[in-house]
Amino acid sequence: MGYVSTIRKITFLSMGILFIFLTACDGEQNTYKHSLKTKFQYLSEEYAPLNYLKNGKPEGMAVDVIEAIAEELEIPAPDIKIQLWSETYETALSEPNVIIFSITRTPQREDKFYWLSPSVMRFEEFFYEKRGSEIQINSMDDAKKYTIGVTEGYYSYDNLKALDFKNLKVYKTQEGAVYALMNGEIDLIDCAEFRAEFLAKKLGYSISDILPVFKVADRRLYIAISKGTSQKAVKEWKKAFKEIRLNKTYYKIYKKWFMSHSGGQ
């Protein structure tokens, strides 16, 4: 009886260990289950080539990244809404469970969102003039002499206001600011370097019609999650974003949209 009892105890113990192991494995495989319970809003704007509408369908580098993260999380394909940035930003500030992209990370915004790191991409921000204007700017203070077109709710608007610029003219879209520049209504626009060419082409101008005159800053664009979202869901999104970088999915997407660039970060 003692021998049989010992065998039974060993068998029982082994089964217990196996159960714990399988449970742990199952938990690892279902790390992202919580995200299935969270209904997200995916909000962006017309900001080619990162996010924009083509034939009524969202496209762009950041759109591809969002879709890759959703696939990694094994959640339904995101229903991305492209709208005015001011509307997107206000919703992300006031409601939980909002994925907002692509958004510049600034000191003023730091505590307002959860940020997926590292950034989606980096860029240089410039003041641009209309060709032939021959504006000379050697410092930010010099720029305060000119009327500058900015977009409502953009990082550039917040930044210049914080630097005590009084000469800002606000437009609902960057396209509106470019039109105003070309029509002589303003002297400068504040724009990301990679955006200038897309805006010029979209509005029927050549890239040589809009010239950089002063570098404002180096910036980075991120995917962010609104406050009020559960910490578990936030951690899952961060982990999934890290995974698509480790498995090179992110870099394939980056090269698809920016073949002339050396890399995302």
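**Exercise 1.** In this predicted model, identify which residues of the largest nonpolar core touch the most other members.

*Solution.* The largest nonpolar core holds 51 residues, and those that touch the most other members are L50, I69, I99, I103, I223 and W237. The largest share of this core, 9 residues, is contributed by helix 3 (residues 61-73). Apart from this core lies another one of 16 residues, including F126, M182, A196 and A200. As a general background, nonpolar side chains in soluble globular proteins tend to be buried together.

**Exercise 2.** Determine which residues I99 touches, leaving out those up to four places away in sequence.

*Solution.* With that exclusion, the contacts of I99 include F40, Q41, Y42, L43 and I66. The list continues with I223, A224, I225 and W237. Two of these contacts, I223 and W237, are also named among the core residues that touch the most other members.

**Exercise 3.** Establish how strand 10 pairs with strand 5 and with strand 6, and how many of the residues of strand 10 are buried.

*Solution.* Strand 5 pairs with strand 10 in the antiparallel sense over 4 bridges; here I100 stands opposite A224. Strand 6 (residues 113-130) also pairs with strand 10 in the antiparallel sense, over 14 bridges, and Y128 has P212 as its bridge partner. Strand 10 (residues 210-226) is mostly covered, with 12 of its 17 residues buried.

**Exercise 4.** Decide whether T104 is buried or exposed.

*Solution.* T104 belongs to strand 5 (residues 98-104). Its relative accessible area is 2%. Because buried means under 20%, T104 is buried. Beyond four places in sequence, T104 touches R109, W115, F123, Y155, R219, R220 and L221.

How values were computed
Residues numbered from 1 in each chain as written. Predicted model: local features only at pLDDT ≥ 70, side-chain atom pairs only at ≥ 80, totals over all residues. Heavy atoms only, no water. Helix = DSSP H or I, 4+ residues; strand = E, 2+ residues; numbered from the N terminus. Buried < 20%, exposed > 50% of the residue type's maximum accessible area, 1.4 Å probe, protein only. Contact = heavy atoms within 4.5 Å. Core = buried A, V, L, I, M, F, W, Y, C linked by side-chain atoms within 4.5 Å. Pairing = 2+ DSSP bridges.
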